[in-house]
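Welcome to a short guided look at one protein chain. Keep the view open beside the text and follow along strand by strand.

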Amino acid sequence: MQYQEILELVKAVSEAGLSNFEYTEGNISISMSCPEVKTKTVVPVAQVTEGSASYEVVKEPQAAEPQVTAQPQEEKKGELMKSPLVGTFYAAPSEGAEPFVKVGDAVKKGQTLAIVEAMKLMNEIESEFDGVVTEILVSNEETVEFGQPLFRIG
């Protein structure tokens, strides 16, 4: 998807009055939201990810046609571990127990990182990579969606 196509998509979503929009094509993922500003002016924001590069597109309100700017965000390194199913995320094997992993822990492929409970079944989430946990992207007992990033392993 070209930059001009992204700008047209941001404009179309803004004009449609949608508050949230997500689009994925190949290795490109776009998610947009229109948070309300205190002055009741709506500022659409689009998060564009292509491969490992990530950009934020902001449409600033003006009297004439709004200008759209793209600002590259800090590129985070590492592989993402995503949820294979919808359910409740548990960082530890039981209440009060130590979490399976913490940021900075070295992990091996196949090592249990967490549990996702779905329909009363506890599903162990195993690492698909060797590396170090650089980020835990969800909180304990948080509901997660299919494909939602859970961990970043570098």
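In this predicted model, strand β7 and strand β9 (residues 112–118) run antiparallel and are joined by 3 bridges. A good residue to look for here is T88, whose bridge partner in β9 is E117. T88 also stands opposite T143 in β12. That second pairing belongs to strand β7 (residues 87–90) and strand β12 (residues 143–144), which pair in the antiparallel sense over 2 bridges.

Put these pairings together and a sheet appears: 4 strands in the order β10-β9-β7-β12, forming an open sheet with antiparallel pairing. At its edges stand β10 (121–126) and β12; each has a single partner strand, so one side of each is left without a neighbour in the sheet.

Now zoom in on G87, which is placed in strand β7. Is G87 buried or exposed? G87 has a relative accessibility of 10%, and because buried means under 20%, it counts as buried. In β12, G87 has V144 as its bridge partner. Leaving aside neighbours within four places in sequence, the residues in contact with G87 are V116, E117, E142, T143 and V144. One of these deserves a second look: E142 lies 55 residues from G87 along the chain, and their C-alpha atoms are separated by 8.5 Å.

A second sheet can be traced in the model. It is an open sheet of 4 strands in the order β6-β13-β11-β8, again with antiparallel pairing. Its edge strands are β6 (79–82) and β8 (106–107), each of which pairs on one side only. Between β6 and strand β13 (residues 149–153) there are 4 bridges, and the two strands pair in the antiparallel sense. Within this pair, E79 stands opposite I153 of β13.

Another pairing worth visiting is that of β1 with strand β2 (residues 28–33), which is antiparallel over 6 bridges. F21 has M32 as its bridge partner in β2. The two strands form a hairpin with 2 residues between them, where G26 takes a positive phi near 60°. How many residues of strand β1 (residues 20–25) are buried? The count is 0 among its 6 residues, and the strand is hardly covered.

Here are some of the strand pairs met so far, side by side.

| Strand pair | Sense | Bridges |
|---|---|---|
| β1 and β2 | antiparallel | 6 bridges |
| β6 and β13 | antiparallel | 4 bridges |
| β7 and β9 | antiparallel | 3 bridges |
| β7 and β12 | antiparallel | 2 bridges |

Next, turn to the nonpolar interior. In soluble globular proteins, nonpolar side chains tend to be buried together. The largest nonpolar core in this model has 14 residues, and those with the most contacts inside it are F89, L113, L150 and F151. Strands β9 and β13 each supply at least two residues of this core. A second, separate core has 7 residues, among them I6, L9, I28 and I30.

Which residues does F151 contact, leaving aside its neighbours within four places in sequence? They are E79, L80, M81, F89, V101, L113, A114, V133, E135, I136 and L137.

A loop residue also has a place in this tour. S127 sits in the loop between β10 and β11 (131–136). With a relative accessible area of 4%, S127 is buried, because the limit for that label is under 20%. A polar atom of the S127 side chain lies 2.5 Å from the backbone oxygen of F129. Not counting residues up to four places away in sequence, S127 touches M81, V107, K108, K109, G110, Q111, L113 and I153.

Finally, step back to see the whole chain. The protein chain holds 1 helix and 13 strands. From the N terminus on, the helix comes before the strands in the order of elements. Of the 154 residues, 27% count as buried. The accessible surface comes to about 9900 Å², and 51% of that belongs to carbon and sulfur atoms. Among contacts with a separation of 6 or more, 44% are between residues 24 or more positions apart.

Key:
Residues are numbered from 1 along each chain as its sequence is written. This is a predicted model: local features need pLDDT of at least 70, side-chain atom pairs count only at pLDDT 80 or more; totals for chains, interfaces and linings use all residues. Side-chain values use heavy atoms; hydrogens and water are left out. Two strands pair if DSSP finds at least two bridges between them. A nonpolar core is a set of buried Ala, Val, Leu, Ile, Met, Phe, Trp, Tyr and Cys residues joined through side-chain atoms within 4.5 Å. Buried means under 20% relative accessible area, exposed over 50%, partly exposed in between (1.4 Å probe, protein chains only). Contact means heavy atoms within 4.5 Å. Accessible areas come from the Shrake-Rupley method with a 1.4 Å probe; for residues, only the protein chains shown count as cover. A polar contact is a pair of N or O atoms within 3.5 Å; within protein, one must be able to donate a hydrogen and the other to accept it, and residues adjacent in sequence count only if both atoms are side-chain atoms.
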